[in-house]
Amino acid sequence: MKFVFKKDYDQVSKEAAGIFSEIIKNNPEAVLGLATGSTPIGLYKELIEANQAGVLDFSKIKTFNLDEYLGLGANHEGSYCYFMEQNLFNHINIDKDNYKVPSGLAEDYELYCKQYETMVDEAGGMDILLLGVGENGHIGFNEPDKALSSKTHVVDLTEDTIQANSRFFDSVEEVPRRAVTMGMGTILKAKKIVVLITGEKKAEVMDRLLNDESLDPQFPISFLRGHRDVTVIADEAACEKIKR
Ligand code: GLP
């Protein structure tokens, strides 16, 4: 796991944009894994700017998002599909058929999850996957648990996550209790992983990631240690609790 430390959120976003730009320029048909949350918004702005300046072309790029809330359709303002369209897809020249966000409204999730896995595999796998991290160490919606699921699956969100994500909804009651997420195995199959960790709320996660080398399903991000090409980009605020 490689760590890159940057001064602030803006610098983290620019560093990540540099990595994504290189992948896209080297392979205009690259397959990207994408994340939601506040953290990637700066990176998405950089990618939009580069696309609008004619520097990056998304016309043949394919993307797969990590996760979605159960019960929310693509047009619901709290859905991750809506988030992605507002913050990235509507502003770049990506083909609508080429971006996939897991459905929040599938009828048969056992079947749907298998189909989502197959779609990623048939696209050739993710060349690069972007991750943020939850305050409890979750990635995608792989919540702390006794064991982690490998494949795309449905998950019950923890109370911590429901509280943390309630800022995107009018009230905490509106936050869905369940979600669908790529599994840890799906994530680890990506050829390259970039994790963005910013802000003081992530300081404990950052400290643990650097100082505790165990693989612990109660701290899902620790499983990224099993991958050979992970770059964590963090800002000073996220590093304020690092003990050494
Ligand atoms: C959600 C998403 C995660 C994301 C996390 C952190 O729970 N499922 O993929 O990493 O939020 O979000 P933020 O970047 O807003 O802190």
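## Exercises on contacts in a predicted model

Phe3 has a relative accessible area of 23% and is partly exposed. The model behind this value, and behind every exercise here, is predicted.

### Exercise 1: aromatic pairs

Task: State how many aromatic pairs there are, and classify the pairs Phe3–Phe5 and Tyr80–Phe141.

Solution.

Step 1. The count of aromatic pairs comes to nine.

Step 2. For Phe3 and Phe5, the ring centres are 6.1 Å apart and the planes are at 10 degrees. Ring centres must lie within 6.5 Å for a pair, and planes under 30 degrees apart count as stacked. The pair Phe3–Phe5 is therefore stacked.

Step 3. Phe5 is partly exposed, at 47% relative accessibility.

Step 4. Tyr80 and Phe141 have 5.8 Å between their centres and 15 degrees between their planes, and this aromatic pair is stacked. Tyr80 belongs to helix α3 (residues 80–87), while Phe141 sits in the loop between β6 (128–131) and β7 (153–156). The two residues are 61 residues apart, and their pair links distant parts of the chain.

Step 5. Buried means under 20% relative accessible area. Tyr80, at 9%, is therefore buried, and Phe141, at 1%, is buried.

Step 6. Ring pairs also join residues into a cluster, made up of Phe64, Tyr109, Tyr112 and Tyr116.

### Exercise 2: salt bridges

Task: Find how many salt bridges the structure holds, and describe where the partners of Lys7 and Lys192 lie in the chain.

Solution.

Step 1. Side chains of opposite charge can pair when their charged atoms come close. The structure holds 11 salt bridges.

Step 2. Begin with Lys6. Its salt-bridge partner is Glu15, with the closest N and O atoms 3.4 Å apart. Lys6 has a relative accessible area of 25% and is partly exposed. Glu15 is also partly exposed, at 28%.

Step 3. Lys7 forms a salt bridge with Glu236, and here the closest N and O atoms are 3.8 Å apart. Lys7 lies in the loop between β1 (2–6) and α1 (9–26), and Glu236 in the segment after β10 (230–235). The partners are 229 residues apart, and the pair links distant parts of the chain. Exposed means over 50% relative accessible area. Lys7, at 55%, is therefore exposed, whereas Glu236, at 49%, is partly exposed.

Step 4. Lys192 and Asp229 meet in a salt bridge of 3.3 Å, N to O. Lys192 is in the loop between α6 (184–188) and β9 (193–197), and Asp229 is in the loop between α7 (203–211) and β10, so the bridge ties together parts that are 37 residues apart in sequence. Lys192 counts as buried at 19% relative accessibility, while Asp229 is partly exposed at 25%.

Step 5. Some salt bridges form a network. Asp10, Lys14 and Glu46 are linked in this way.

### Exercise 3: two packed helices

Task: Describe how α1 and α2 cross, and name residues that make the contact.

Solution.

Step 1. Two packed helices are described by the angle between their axes and the distance between the axes.

Step 2. The axes of α1 and helix α2 (residues 41–52) come within 8 Å and cross at roughly 50 degrees.

Step 3. Angles under 35 degrees count as roughly parallel, and 65 to 115 as roughly perpendicular. The helices α1 and α2 are therefore oblique to each other. Their crossing is right-handed.

Step 4. From α1, the contact is made by Tyr9, Ser13, Lys14, Ala16, Ala17, Phe20 and Ser21. From α2, Ile41, Gly42, Leu43, Glu46 and Leu47 take part. Lys14 and Glu46 appear in this contact and belong to the salt-bridge network with Asp10.

### Exercise 4: buried residues

Task: Decide whether Leu70 is buried or exposed, and find which elements cover the buried residues of α7.

Solution.

Step 1. Leu70 is placed in the loop between β4 (67–69) and α3.

Step 2. The relative accessibility of Leu70 is 13%, so Leu70 counts as buried.

Step 3. Leaving out residues up to four places away in sequence, Leu70 touches Gly104, Tyr109, Val154, Pro176, Arg178, Ala179 and Val180. Among these, Tyr109 is part of the ring cluster of Exercise 1.

Step 4. In α7, the buried residues are Ala203, Val205, Met206, Asp207 and Leu209. Their cover includes β1, β9 and β10.

Key
Residues numbered from 1 in each chain as written. Predicted model: local features only at pLDDT ≥ 70, side-chain atom pairs only at ≥ 80, totals over all residues. Heavy atoms only, no water. Salt bridge = Lys/Arg side-chain N within 4 Å of Asp/Glu carboxyl O. Buried < 20%, exposed > 50% of the residue type's maximum accessible area, 1.4 Å probe, protein only. Helix = DSSP H or I, 4+ residues; strand = E, 2+ residues; numbered from the N terminus. Phe/Tyr/Trp six-rings, centres within 6.5 Å; stacked < 30°, edge-to-face > 60°. Axes fitted to C-alpha atoms, helices over the stretch in contact; angles between N-to-C directions. Parallel < 35°, antiparallel > 145°, perpendicular 65-115°, else oblique. Left-handed = near helix turned anticlockwise from the far one by under 90°. Contact = heavy atoms within 4.5 Å.
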